Amino acid sequence: MTALGGTPAVALALAALGLVDSAFSGFRAYAGRDARIRKHRAVARASLRGLAVGSVLLLAPVLTACGVVLTAADRDRTYATLTEGGIGYLAPLACYASAVLLSLAAYFFLPFRASTLAVVAGLGPLTLLRPLVIAAACVGSFVRGGGVASLLVGTVAGAAVLCVEPLVHRHWYSAALRSDPTPASVPAGA
Amino acid sequence: MPHLEISDLITATDPHSGARLPVRRDEVIRRLHEAGDRRGARIVEALPADRQGVLDPAAVDRLMIDVHTELQRLSEELRIGERLVHVLGPLFDAIRATAVSAGGGTPLRLVDIGSGLGYVIRWLAAHGALGPDVELVGVDLDSALVGEAGRLARAEGLDCRFVHGNAFDLPEAATVYVSTGVLHHFRGPDLAEFFRAQAASPALAFCHFDIAATRLAPVGAWVFHRARMRHPLGRHDGVASARRAHTDETLLHAAAAPGMRPLLYEPRGLANPFCTTLRPVLGVRPELEAPLRRAMGRAARRLVGPEQLGGAPR
C-alpha cells in the first residue's frame with residue numbers, strides 16, 4: 001500500500017478511534033456524579049454527549065490538515081507526508097486501544113475476581129496513561145517521517161480529544177445529580 | 001506518623017444524641033500538620049468556615065455527599081455488590097437451613113453499619129440478591145449521607161430503608177451485620193470492641209469487607225483514585241484508607257469475640273492481590289460454620305480461621 005493509497009484508511013481509523021474515545025470521555029465525565037443504581041440510559045446519554053462534543057472538536061485537526069495541504073507548495077508531497085505521519089500517529093493509539101479493548105472484554109465477560117484485575121491492572125492505569133499515549137502518538141508521527149506538519153495536526157487532534165471529557169463534565173455534570181441540594185436529615189431511630 | 005482521613009476529621013457527631021457538633025477548621029489543620037500531612041492540611045484550608053473558624057456544616061455535607069457519590073463509582077467498578085452476594089448468599093442460605101433465625105418466621109434483617117450513601121443496601125434491593133425475606137437496613141451517623149441514601153432509594157422505588165444513628169441501638173435486632181470500608185476507621189481497642197458489640201447482640205453473623213492490607217494496596221489506591229475521582233479530598237482519603245488497612249492477623253484476632261467463630265475470606269496467602277482489593281472478615285455463631293461451608297461449596301476453601309492463618313496480630 002502506498003502512502004497516498006493508504007490515506008483514507010489511516011484517516012478513517014484515526015477518526016474512528018477519536019470518536020470512540022470521545023464516547024468514553026462522555027461516560028467518564030458523567031461517571032461518579034450519579035449515585036443511582038439503575039442508570040443505563042444516563043450512561044448512554046453521557047456517551048452520546050461525548051460523541052457529539054468530540055465530533056465537533058475533531059473538526060479542528062481535519063481543518064488543520066486541510067489548511068496544511070492547501071497552503072503547501074507541493075500538495076501531493078505534503079499529502080503523502082501527512083499520511084506517513086498518520087501511520088506513525090496511529091501505531092501507539094492502536095496498541096493502547098487494543099489494551100483497552102482487552103481490559104474491557106475481561107471486565108465485562110470474566111467473573112468478578114478477574115474483572116477486578118481488568119480494572120486494577122488495566123482500565124484504571126490506562127486512563128492515567130491516556131495523555132502520555134497521545135504524546136507518544138505525536139512523537140510517532142514525527143519519527144515516522146510526518147515532519148512538523150504531522151506533528152502540528154497530531155497535537156491539535158490530541159488536544160481535541162483530551163478536551164472532550166472536561167468540556168462534557170463542565171457543561172452537564174459539574175454538579176452531582178441531586179434534585180434536592182440540601183439533604184434532609186433523618187432523625188435517630190427513624 | 002498516623003494516617004488520617006479528612007472525612008473523619010471534618011464531621012463530628014455526639015455518639016449519644018446523634019447531634020451534629022461544630023468542627024473548627026484550624027483544629028483539623030493542626031491535627032493534619034501534626035501527622036505530617038501538609039497536603040491534607042491544604043485541602044482543609046480551602047473549606048469554607050464562619051468568622052469563628054467553624055467549618056460550614058452545609059458545605060461539609062455537600063462535600064461528603066459528592067465524595068461518596070464519586071466513591072460509589074469505585075464500588076461499581078469493583079463489583080462490590082457481587083462480592084457481597086458471593087459470601088452473603090451462602091451465609092443466608094446457611095441461616096435459613098439451620099432455622100436458627102430468632103423465633104422462626106421473624107424476618108431476616110441485614111444491617112449495613114456506616115452505610116454512607118447506601119450503595120450496598122440499594123444494590124442488594126435493586127437486584128433482589130438475597131431474597132424477599134431479607135429486610136435491608138442501612139445505618140450511618142452522618143445525617144446528610146443517610147438523607148441522601150433515603151432520597152436515592154425512594155427515587156428508584158427500592159425496598160430498603162436508612163436510619164440515622166447507632167447500628168447497635170436499633171429497635172429491631174439485626175440477623176447479620178455488614179460493612180464495607182469501615183473497619184480501617186477503628187484503631188486499637190475500638191476494633192475489638194466493634195466486634196464484641198455484635199457478638200453481644202442477637203445477631204447470628206457479621207461480614208465486614210475492608211481493604212486487603214497488601215503492599216500493592218496504597219499504590220493501587222493512588223492509581224485508582226487518581227484515575228477515577230476528581231475531588232482532592234476523595235483522592236487523599238482513598239490512599240490514606242489503604243495505608244490504614246488492618247492485616248489479616250489483626251482482623252482475625254479482633255473478630256474473635258465470645259460466641260462468634262472468626263473467619264477470614266481470601267486472606268493474603270490465598271488470593272491474588274490484584275483481584276482481591278476488598279475481602280471480608282466474618283463472625284458466625286459456631287453452629288453456622290458447617291452449613292456455611294456447605295453452602296459455599298468449593299469457595300469454602302478460601303475461608304480460614306485463626307488456627308490456619310497463625311502469626312501475631314499487628
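## Surface and charge of chain B

In this predicted model, chain B exposes about 13,000 Å², of which carbon and sulfur atoms supply 54%. The charged side chains of chain B comprise 38 positive and 37 negative groups. The centres of these two sets lie 6 Å apart.

## Overall dimensions and fold

The C-alpha trace of chain B spans about 60 × 40 × 35 Å along its principal axes. For 314 residues, a compact globule would have a radius of gyration near 20 Å; the value for chain B is 19 Å, which agrees with that expectation.

The secondary structure of chain B consists of 13 helices and 8 strands. Of its 314 residues, 58% count as buried. When contacts between residues at least 6 apart in sequence are considered, 76% join residues at least 24 apart.

## Strand β7 and its partners

Strand β7 of chain B covers residues 278–284, and 7 of its 7 residues are buried. Leu278(B), Pro280(B), Leu282(B) and Val284(B) point one way from β7(B), whereas Arg279(B), Val281(B) and Gly283(B) point the other way. Burial therefore applies to both sets, each residue having under 20% relative accessible area.

Two strands pair with β7(B) in the antiparallel sense. Strand β5 of chain B, residues 205–211, does so over 7 bridges; here Ile211(B) stands opposite Leu278(B). Strand β6 of chain B, residues 261–265, is joined to β7(B) by 4 bridges, and in this pairing Leu263(B) has Leu282(B) as its bridge partner.

Note on methods: Residues numbered from 1 in each chain as written. Chains lettered and ligands numbered in written order. Predicted model: local features only at pLDDT ≥ 70, side-chain atom pairs only at ≥ 80, totals over all residues. Heavy atoms only, no water. Rg over C-alpha atoms; globule rule 2.2 N^0.38 Å. Buried < 20%, exposed > 50% of the residue type's maximum accessible area, 1.4 Å probe, protein only. Contact = heavy atoms within 4.5 Å. Areas by Shrake-Rupley, 256 points an atom, 1.4 Å probe, with all protein chains shown as cover. Lys, Arg positive; Asp, Glu negative; His and termini not counted. Charge placed at Lys NZ, Arg CZ, Asp CG, Glu CD. Pairing = 2+ DSSP bridges.
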